[in-house]
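Let's take a walk through this one together. Have the viewer open, and click along as the residues come up.

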Amino acid sequence: MKITVEHMDLPENEVILRCPALDEEMLGVLSLLRSGLQRLCVWDDSRRTTLLTPDEVVYCETVDDRIFVYTGQAMYQTALGLGELESRYSGLGFFRAGKSAVVNLHHIRSLVSQGAGRIEATLVTGEKLMVSRRYAPALRERLGLGERSRCGTIQPILSLGRQYQIPHGTVFC
């Protein structure tokens, strides 16, 4: 893909995509461009509504049939379910970590492989979140920490108990 940036005196920014067809690569570029316009409607304990950008969200969890959204500074609630949060924002780094949690991959500081196939993720806030064994292979694959064997299963590269640092600015597809 060829990228050209032109600096012009225009009243607003303009993005023009030229392509022979809207393939997966171009749809990814469109999704990335539109992600800056997306907002997540949340509210705090005093019922004050806030619009968050998806990149502000560190993780989400369900407790007693309520969905909580955690940023680096505050905790909110949302009307969206975890499945909807995951599907709506997966292209922006949201990943299902377990039956009751979705984590923003861009806010993971480090990973430690645990017994029984689980992974402990330390978030940039210092909080620890456990990725269940059901979702651990998908996390390894998404982060490029797994290899496909001849039979098509993911072979973990994460060694038990070893800590892996996630470089800041890493882009997850």
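Start at Leu123. Leaving out residues up to four places away in sequence, Leu123 touches Val58, Tyr59, Val103, His107, Ile108, Arg109 and Leu129. You'll find Leu123 in strand β9, which covers residues 119-123. How buried is Leu123? Its relative accessible area comes out at 0%, so with the cut-off for buried at under 20%, Leu123 counts as buried. Val58 deserves a second click: it sits 65 residues away from Leu123 along the chain, yet the two C-alpha atoms are separated by 7.6 Å.

Before going further, a word on how far to trust the picture. This is a predicted model, with a mean pLDDT of 83 for the protein and 81% of the residues at 70 or more. Residues 148-161 are another matter, since pLDDT is below 50 there; that stretch still has 30 contacts in the model beyond near neighbours in sequence. Residues 169-173 also stay under 50, and the model gives them eight contacts beyond four places in sequence. Where pLDDT is low, the predicted coordinates should not be read in detail.

Now for the charged pairs. How many salt bridges are there? The count comes to four, and three of them are worth a stop here. One of them joins the side chains of Arg88 and Glu84, with an N to O distance of 2.7 Å. Both residues lie in helix α2 (residues 82-89), and they are four residues apart, about one turn of the helix. Are they buried or exposed? Neither label fits Arg88, which is partly exposed at 41% relative accessibility, and Glu84 is partly exposed too, with a relative accessible area of 36%.

Another salt bridge has Glu86 and Arg96 meeting through their side chains at 3.5 Å, N to O. Here Glu86 belongs to helix α2 while Arg96 is in strand β6 (residues 94-98), so this pair ties together parts that are ten residues apart in sequence. The two ends get different labels, because Glu86, at 26% relative accessible area, is partly exposed, whereas Arg96, at 14%, counts as buried.

For the next stop, look at Glu120, which forms a salt bridge with Lys128; the closest N and O atoms are 3.9 Å apart. The cut-off for a salt bridge is within 4 Å, so this pair makes the list. On the Lys128 side, relative accessibility is 55%, which means that Lys128 counts as exposed.

Next, jump to Thr53. This residue lies in the loop between β2 (49-52) and β3 (57-63). Is Thr53 buried or exposed? Despite the loop address, Thr53 is buried, with a relative accessible area of 17%. The side chain of Thr53 makes a polar contact of 2.5 Å with that of Asp55. What does Thr53 touch once neighbours within four places in sequence are set aside? The answer is Gln38 and Arg39.

Finish at the start of the chain. Met1 is found in the segment before α1 (24-35), and Met1 counts as exposed because its relative accessibility is 61%, with the cut-off at over 50%. Together with Ile3 and Val5, Met1 makes a nonpolar surface patch of about 380 Å². Compare that with where the tour began: Met1 is exposed, while Leu123 is buried.

Notes: Residues numbered from 1 in each chain as written. Predicted model: local features only at pLDDT ≥ 70, side-chain atom pairs only at ≥ 80, totals over all residues. Heavy atoms only, no water. Helix = DSSP H or I, 4+ residues; strand = E, 2+ residues; numbered from the N terminus. Buried < 20%, exposed > 50% of the residue type's maximum accessible area, 1.4 Å probe, protein only. Polar contact = N/O pair within 3.5 Å; in protein donor to acceptor, adjacent residues only side chain to side chain. Contact = heavy atoms within 4.5 Å. Patch = residues over 30% accessible without salt bridge, like charges linked within 9 Å, V, L, I, M, F, W, Y side chains within 5 Å. Areas by Shrake-Rupley, 256 points an atom, 1.4 Å probe, with all protein chains shown as cover. pLDDT = per-residue confidence, 0-100.
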